[in-house]
Every structure is written in C-alpha cells, then in structure tokens.
Amino acid sequence: MRQIFPSASGTGEGLDVDLDALYGAARPRRPGRPWVAVCMITGIDGSTVVDGASGGLGNDGDRAVFSALRRAADVIIVGAGTATAEGYGPPGRAEQRIGVVTASGRVDTSTELFRSGAGFLITTEDESGSHEGVDVVRAGTGSVDLDLALARLEPVVGPVRFVQAEGGPRLNGSLAAADVIDEINWSIAPLLTGGDGSRLTVGAPEQMRRFRPVHVLTDEAGYLFTQWRRHDATGEADGRSVAVSPAAP
C-alpha cells in the first residue's frame, strides 16, 4: 500500500504507509457527540454493490484499510439491511460494539452478533419491541434521530470518541441528512460494474457540504483508498503528518 497524495516533499513519489498509524490518528469529539466517519467502497461507475452486496468489489487492500479503521473505531454502526446482507458477526475487538440501526425494530437478535453482547440496537422512541437482553439506544419518533442517537450512545455503551458507519447507502443518507458526517473513507475499485446499485448516499436532501482530501493510497491492483474530512472539522490528523517509511528504490 502506497500513499500517492500528499506525495513526499512534492516529488510525486509514493510512500509506504503504516495503515494503523494513518487510520488510527486521533479524532476529536464534535460538540455533543462523537466523531463520525463513513466507510464505503464503490466501482468506478459509482455502484456500491455487485449481486446485492459490497463484498464483490473489495480486495486484500480494501480489507486491510477496512480492518485498520475497525481497529481505530470505538463503535460501529450499520443499517439493519446491510447487517443482514453482509452477515455481521461479533467484531474482532472484545470491547468494541456494533449498533444496528432500525426504525421498525424488526431485527433478528438471536444471531451471534447479539448473543456475543457486542450488538445493540439504535431505534426510535416509539418502537414497541422489548428486545430483552439487548442494549437499545432510542432517539426520535417515526424515524431514528441519528444526531440525538449519537449523543445518547455513551450511557448505553460507554465512552465513545470515534464512530465508524459502514452503510448501507440509506444509513449514509440519513447521516448526511442529520449533518453529522465528519469523515468519508472511500475505496474505489477499478471495476466498471453496471447495474443499478445505489451510490454512497441514498435519501438525503440536496445539500452542499465541502470536504477536503486528506490522503489517497493505492495498491498494485489499481485500487484507490481515499480519505476526506469535512472542511469545518477540526483535528490534528490532516494526512500530511503520517507514519511512513521511505519508498523502496
């Protein structure tokens, strides 16, 4: 994996990257809530899925970036449909929690994700399920108020600084509508997929939120791994001071 932007001292040469140092950089809390980053992959024509799931787009490099982000995150949130389609199980870190977002509450809590104690639900205040033995964050009526839900995470799951949102596009659209996306980690597969797959966000109102590029990585397969941060977001990590080793001759 090599960093091609920013380049080394403007030479245009790539740098070998320590992914844990790069993606594990400190992220500040935002006012009243944790930092929120969206992590997604698309083909070059924008589709987020092949045969209904994102797995067919990825490769070893994408999985390495995804794993580094997961190691950095305190909490992962995912839409109920994506959790089911992708077969979500317990995370690799024992203390990490995965919140499944559902307005209806119709989620199978008998899966290993929930039996392990890592899974919890994020749903509405008027959802009527009891969900015995499962932690629940409730916010909003009719639909989940994600801004409020993020503010209510800590009483349920403990200290949270960094939340990674792993889709699908409708959850991303809801996060965009709530105006709580601070960072986007977007992997681009060198694949023209066709089909009618969703783009990164679905259902958000039109809006103009400026993001700045932090870094671009690439691998031998031609994948691009990009990070973008909201222009008004603060933080030390800006992609220009990352842990790297000199490029091989």
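**Entry 1: I4 and its surroundings**

I looked up I4 and found that this residue is partly exposed, with a relative accessible area of 39%. I note at once that the model is a predicted one. I4 has its place in strand 1, which covers residues 2-5. I then asked which residues form a nonpolar patch on the surface with I4. The partners are F5 and L224, and the three together have about 210 Å² of accessible area. I4 can belong to such a patch because its 39% is over the 30% relative accessible area that a patch residue needs.

**Entry 2: the largest pocket**

I turned next to the open spaces. The largest pocket holds about 920 Å³ of space. I counted 40 residues in its lining, and those nearest the centre are M40, T82, E166, G167 and G168.

Which element gives the largest share of this lining? I found that helix 7 does, with five residues. The elements that each supply at least two residues are strand 3 (35-43), helix 2 (60-72), helix 3 (80-85) and helix 7 (169-177). I sorted the lining of the largest pocket by class and obtained 17 nonpolar, 17 polar and six charged residues.

**Entry 3: the second largest pocket**

For the second largest pocket I recorded about 630 Å³ of space. Its lining has 21 residues, with A176, I184, T201, Q207 and F211 closest to the centre. Strand 9 (183-189) and strand 11 (224-230) each contribute at least two residues to this lining. By class, I noted eleven nonpolar, five polar and five charged residues around the second largest pocket.

**Entry 4: the cavity**

I then searched for enclosed space. How many cavities of 30 Å³ or more does the structure hold? I found one. The largest cavity contains about 40 Å³ of space. The residues that line it are Y23, C39, V65, L69, N185, W186, S187, F225 and T226. Helix 2, strand 9 and strand 11 are the elements that give two or more residues to this lining. Strand 9 has the largest share, with three residues. I sorted the lining of the largest cavity by class as well: six residues are nonpolar, three are polar and none is charged.

I also looked at Q227, which lies in strand 11. With a relative accessible area of 2%, Q227 is buried, because the limit for that word is under 20%. I compared its place with that of W186, one of the residues lining the largest cavity. Q227 and W186 stand 41 residues apart in sequence, yet their C-alpha atoms are 6.3 Å apart in space.

**Entry 5: salt bridges**

I recalled a general point before counting. Side chains of opposite charge can pair when their charged atoms come close. In this structure I counted 18 salt bridges.

I examined D182 and R33 in detail. Their closest N and O atoms are 2.8 Å apart, and the two form a salt bridge. This pair links distant parts of the chain, 149 residues apart: D182 is in the loop between helix 7 and strand 9, and R33 is in the loop between helix 1 (19-23) and strand 3. Are these two residues buried or exposed? I found both D182 and R33 to be buried.

I next examined R63 and D60, whose side chains meet in a salt bridge at 2.9 Å, N to O. Because R63 and D60 are three residues apart in helix 2, about one helical turn separates them. R63 is partly exposed, with a relative accessible area of 43%. D60 is exposed, at 62%.

The third pair I examined was E125 and R152, a salt bridge whose closest N and O atoms are 3.4 Å apart. E125 lies in the loop between strand 6 (119-123) and strand 7 (136-138), and R152 lies in the loop between helix 5 (146-151) and helix 6 (153-157), so the pair ties together parts that are 27 residues apart in sequence. I noted that E125 is partly exposed, at 44% relative accessibility. R152 is also partly exposed, with a relative accessible area of 33%.

Finally, I looked for salt bridges that share partners. Which residues do they join into one network? I recorded R30, R33, D179, D182, R209, R230 and D232.

Technical notes
Residues are numbered from 1 along each chain as its sequence is written. This is a predicted model: local features need pLDDT of at least 70, side-chain atom pairs count only at pLDDT 80 or more; totals for chains, interfaces and linings use all residues. Side-chain values use heavy atoms; hydrogens and water are left out. On a 1 Å grid over the protein atoms alone, a cavity is a set of points where a 1.4 Å probe fits but cannot get out, and a pocket is an open set with protein on both sides within 12 Å along at least five of seven lines; lining residues have an atom within 4 Å of a point. Grid points are joined across faces, edges and corners, and a volume is the space filled by probe spheres set on the points. Helices (H or I, at least four residues) and strands (E, at least two) are DSSP runs, numbered from the N terminus. Ala, Val, Leu, Ile, Met, Phe, Trp, Tyr, Cys and Pro count as nonpolar, Asp, Glu, Lys and Arg as charged, and the others, Gly among them, as polar. Patches are made of residues with over 30% relative accessible area and no salt bridge: like charges are joined within 9 Å, nonpolar side chains (Val, Leu, Ile, Met, Phe, Trp, Tyr) within 5 Å. Accessible areas come from the Shrake-Rupley method with a 1.4 Å probe; for residues, only the protein chains shown count as cover. A salt bridge is a side-chain nitrogen of Lys or Arg within 4 Å of a carboxyl oxygen of Asp or Glu. Buried means under 20% relative accessible area, exposed over 50%, partly exposed in between (1.4 Å probe, protein chains only).
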